[in-house]
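Reader: Hey, got a minute to walk me through this one? I'd like to know what I can read from it.

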Amino acid sequence: MKYHQMLIKTAALTLLFILFITACKNPSQTVKSTDEPITGEEVAVLTFAPDVPPPITRKHATKMIVNLEVIEKEMEMMDGVKYNFWTFGGQVPGKFIRVREGDLVEFHLKNDPSSKLPHNIDLHAVTGPGGGAVSTFTAPGHETQFSFTTLNPGLYIYHCATAPVGMHIANGMYGLILVEPKEGLPKVDKEFYVCQGDFYTKGGYGESGLQQFDMEKALNENPDYVVFNGKVGALTEENSLKAKVGETVRLFVGNGGPGLVSSFHVIGEIFDNVYPEGGSAINHHVQTTLIPPGGSAITEFKVEVPGNFILVDHAIFRAFNKGALGILKVDGPDNKTIYSGQQDDRIYQPEGGAVQTMPTADMATAKPLTKEEKLANGKALYTSICMACHQADGRGIEKAFPPLEKSDYFAANPDKIIQTITEGLSGPVTVNGKHFDGVMPKQTMSDNQIASVATYVLNNFGNKGGEFDASDVARLRK
Amino acid sequence: MKVLLFILAWFIGTAGVCQNKSRLVPMVLIQGGIYLPLYSKNVQEIKVNSFFMDVYPVTNADYLAFITDNPDWSKTGVKSLFADSNYLNQWRSDFIFDPETANSPVVNISWFAAKKFCECQGKRLPETAEWELAARASETKGDAGKDPAFNQWVLNWVTKPNPVTLPSVGSTFKNFFGVYDLHGLVWEWTYDFNSALTTGESRGNSSLDNNLFCGGGSFASKDITNYASFMRYALRSSIKAKYCIANVGFRCVK
């Protein structure tokens, strides 16, 4: 009897367990289905960066016809720098394709008759061999066709995969295809298309004229250009992305590569949402998101305050020396609580001046210097201490740092040089007819050093000459 | 069935009568040698015997002479089995083209037409190995395959889109063997242009696919830095015998 009870108990528990796992299927598990019927037919609207086709509002799957043309053409990589680009649609990156999960995409790849080479397309949104590459290998002047069903929602890169693949990508053959989830993406105010890519040219960054592809730099993954949307300045000045305070911005960001991982960051913004790697997971409060070559990310953020927000690859030399820089210009009223702007600017002097100890060694060995020695020492001191403000030519910087060149400030009384160095100078002053109102901190140098640099100044920058000794400095010190 | 059709087409194409009164293009001797195909997994050296090669690609004027003798191969006369609708697309009509292009290489020519032209001259289309052997010569070297400057020059041409009007033959450089325009003007048909995809057993074919379409597969190649050569193989693999392409011409050998 006891045995039977146990059996029933076990059976009941097993049943419960089965019920439990069926009811609580892992909610994050993805369900892929092709059972949604295909209704109707549409020709996909494709857009050039930074524009994005309108969101898909239909509630059913359809047959989407996508027409994409391969065009090889010379374009500018930077003002004055030309390059032979190979493109999907006539620009880099290629046209943005937007379809819906479950759609049947009928893809037409057309290779312009003027093309020198055959091309194909590998869409990462495709489930099937080569992502479509094998089915779309297209000779110049030909058109190929294949179809696929979009099983997985997400933001995907597409690229040419004809041998040598790296060179086809390095010449600009990539773009983005968005497979919008069935329920659609949340509504936002602005959507933009940004795609990073690296380019390998014979000439260095900025070298003008038609630049050839440099295979060695490509193999070393050492590009001279890392750019957003195919050109240095594609997203700056009049081409800046624009939004208004209070709007929500969504960036569809791709990285065509072929070589470099992007550390995508927008200076002065925090991404409220990031769909890392273009998938379905959402991460919040992200500063910088990694985008691998052949990968993507969707970032969303509300712009709360006005100003220029700078898109960069935070491997920062790429931004400032290789072109990976774009601007999102936000207009609208300030919000001083969120961001006040500069509230004050005052002098900060660590106690006792920048150098805390007197150079006693120098004093101990102090001996009279010849004028030549003073000029040589003075030049070295000027270069390391004074030049940052007064400049190499002694002309200073207007409205900030007074000139030493032909200076009328100390012409009549050269002692004023020594006094300025030993005591510093603060408040309004007029030099050569120009007004200045700043602060020069007092400098901690030995008497010999001050005599040297003052002698150097007197005998340079068109001043009338003269010489100081260490004893002059000692006399003038208070 | 496809194979049967192909053989049938070949037979008809080859069997037709052949009139030839056109002038012969001058030829030079190409010293034979060993050629290593780009997509050879093992060491598959090909021994190429010495042969004669046309100094220039066939021009529009040369081709007009051929058509005048063989109107079956004119724009309107050609059988659709042997050439697609782009055949001689740059010509205005059956016997008329822009006089300025008389000395430019003839393009938009199918493999069938190129083969027929050569046969009518008592010549033949070069095999890929022969063509590649002749084309690896720079101005000064018989084999410049490892010369970075030469490879870059070839690559630079490959990178540029086609010019609106093709220049005359002889406008590039004369190579070591005395042949002009193997690089820098147009692609050229070879007799076995599609063999990279159709030879071997089926499993081999699938890996050949990988070689051609995927960068990763390129490790199978003996010469992975010869990008221009990859592109020639890619171009050859993308076309079929009846295709007529705006930058594909030909020359003959014997």
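Author: Sure. One term up front: two residues are in contact if their C-beta atoms, placed from the backbone, lie within 7 Å. Also, keep in mind that this is a predicted model. In chain B, take the contacts between residues at least 6 apart in sequence: 75% of them join residues at least 24 apart.

Reader: OK, what is chain B built from, how many helices and strands?

Author: Eight helices and six strands. Starting at the N terminus, the order is α-β-β-β-β-α-α-α-α-β-α-α-α-β. Of the 254 residues in chain B, 45% are buried.

Reader: Where is confidence lowest in chain B, and where is it highest?

Author: The low is helix H7 (residues 202-213) of chain B, with a mean pLDDT of 40, and the high is strand E4 (residues 51-54) of chain B, at 97. Chain B as a whole averages 81, and 77% of its residues score at least 70.

Reader: Which stretches of chain B stay under 50?

Author: Residues 197-220 of chain B are one, and the model has 36 contacts beyond four places in sequence for them. Residues 8-15 of chain B are another, with five such contacts. Where pLDDT is low, the predicted coordinates should not be read in detail.

Reader: Fair. And what ipTM does the complex get?

Author: The predictor gives 0.77, along with a pTM of 0.73.

Reader: So how many residues does each chain put into the contact?

Author: Chain B brings 26 residues and chain A brings 28. On the chain B side, H5, H7 and H8 are the elements that give two or more residues. H8(B) gives the most, with six residues. Recall that H7 of chain B is where confidence in that chain is lowest.

Reader: How do H5(B) and H8(B) pack, at what angle?

Author: At about 45°, with their axes 8 Å apart; H8 here is residues 227-238 of chain B. Angles from 65 to 115 degrees count as roughly perpendicular and those under 35 as roughly parallel, so H5(B) and H8(B) are oblique to each other. H5(B) makes the contact through B:Asn151, B:Val154, B:Leu155 and B:Val158, and H8(B) through B:Tyr227, B:Ala228 and B:Met231.

Reader: Switching topic: is B:Thr140 buried or exposed?

Author: Exposed, because it has 10 other C-beta atoms within 10 Å, and the cut-off for exposed is 12 or fewer. B:Thr140 sits in the loop between helix H4 (128-135) and helix H5 (148-159) of chain B. Its C-alpha atom is 9.1 Å from that of B:Phe177, 37 residues away along the chain.

Reader: Now chain A. What domains does the assignment give?

Author: Domain 1 (38-331) and domain 2 (360-476). Their C-alpha centres lie 56 Å apart.

Reader: How do H6(A) and H8(A) cross?

Author: At roughly 90°, with the axes coming within 7 Å; H6 is residues 371-390 and H8 is residues 447-458 of chain A. That makes H6(A) roughly perpendicular to H8(A). The contact includes A:Leu375, A:Leu381 and A:Tyr382 of H6(A) and A:Val453 and A:Tyr456 of H8(A).

Reader: Last one: how many residues are in the largest nonpolar core?

Author: It has 155 residues, and those with the most contacts inside it include A:Tyr156, A:Val194, B:Ala114 and B:Ala134. Apart from it lies another core of 18 residues, A:Leu404 and A:Val473 among them. In soluble globular proteins, nonpolar side chains tend to be buried together.

Reader: What does A:Val194 touch?

Author: Beyond its neighbours within four places in sequence, its contacts include A:Ala49, A:Phe228, A:Leu251 and A:Leu311.

Technical notes
Residues are numbered from 1 along each chain as its sequence is written. Chains are lettered from A and ligands numbered from 1 in the order in which they are written. This is a predicted model: local features need pLDDT of at least 70, side-chain atom pairs count only at pLDDT 80 or more; totals for chains, interfaces and linings use all residues. Domain bounds come from an automatic or database domain assignment. Helices (H or I, at least four residues) and strands (E, at least two) are DSSP runs, numbered from the N terminus. A residue is buried if 20 or more other C-beta atoms lie within 10 Å of its own, exposed if 12 or fewer, and partly exposed in between; C-beta atoms are placed from the backbone. pLDDT is the predictor's confidence in each residue, from 0 to 100. A nonpolar core is a set of buried Ala, Val, Leu, Ile, Met, Phe, Trp, Tyr and Cys residues joined through C-beta atoms within 7 Å. Axes are lines fitted to C-alpha atoms, for helices over the stretch in contact, and angles run from 0 to 180 degrees between N-to-C directions. Angles under 35 degrees count as roughly parallel, over 145 as roughly antiparallel, 65 to 115 as roughly perpendicular and the rest as oblique.
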